[in-house]
Amino acid sequence: MGAVEAKLAELGLALPDVVPPLAAYQPAVQSGPYVYTAGQLPMVDGKLPVTGKVGAEVTPEEAKELARTCALNALAAVKSVAGDLDRIARVVKVVGFVASASDFTGQPAVLNGASELLGEVLGDKGVHARSAVGVAVLPLDAPVEVEIQVELA
């Protein structure tokens, strides 16, 4: 077990299996020193624990936890192509989508769930640029979707 996975264990987390693609794409691809993940839904054991829009059926607090799950799934996707999470030199960018009720404007706070997890696990290597986007609907009625781009050492 590498240092990153040891840190996950210290936080009481385990790297999940890679979430299988829902359509015609790969969970992650490497191009040069970069790994780009597909959008990761907050799947746990092959299913979404919650569905709906944030600010309606899903609370912002629930959505923030779901964003953490998305980030954990993204790390699993990175490992699937990098082989070892200790190869991460830095997280370059996080893009998050929040299925939002028409009057919900707290997307950045929801995506903090993903950003905070990456910081807890990777330290300074987890500091990144980010976009937080509100959308009408996501695949499978997921409340949150997160993709990450990392640079490998």
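Which residues does Gln 107 touch, not counting residues up to four places away in sequence? In this predicted model, the partners of Gln 107 are Val 98, Ser 100, Ala 132, Val 133 and Gly 134. Gln 107 itself lies in helix 3, which covers residues 107–122. Is Gln 107 buried or exposed? Its relative accessibility is 10%, and because buried means under 20%, Gln 107 counts as buried.

It helps to set this residue against the fold as a whole. The protein contains three helices and five strands, and these follow one another along the sequence in the pattern α-β-β-α-β-α-β-β. The radius of gyration is 14 Å, close to the 15 Å that the globule rule gives for 153 residues, so the protein is as compact as a globular protein of that length. Taken along the principal axes, the box filled by the C-alpha atoms is roughly 40 × 30 × 25 Å.

Contacts and burial add to this picture. When contacts between residues at least 6 apart in sequence are considered, 81% of them join residues at least 24 apart. Of the 153 residues, 42% count as buried, and Gln 107 is one of the residues classed as buried.

Turning to the surface, the protein has an accessible area of about 7200 Å². Carbon and sulfur atoms account for 53% of that surface. As for charge, the protein carries 11 positive and 18 negative charges, and a distance of 5 Å separates the mean positions of the two sets.

Note on methods. Residues numbered from 1 in each chain as written. Predicted model: local features only at pLDDT ≥ 70, side-chain atom pairs only at ≥ 80, totals over all residues. Heavy atoms only, no water. Helix = DSSP H or I, 4+ residues; strand = E, 2+ residues; numbered from the N terminus. Rg over C-alpha atoms; globule rule 2.2 N^0.38 Å. Buried < 20%, exposed > 50% of the residue type's maximum accessible area, 1.4 Å probe, protein only. Contact = heavy atoms within 4.5 Å. Areas by Shrake-Rupley, 256 points an atom, 1.4 Å probe, with all protein chains shown as cover. Lys, Arg positive; Asp, Glu negative; His and termini not counted. Charge placed at Lys NZ, Arg CZ, Asp CG, Glu CD.
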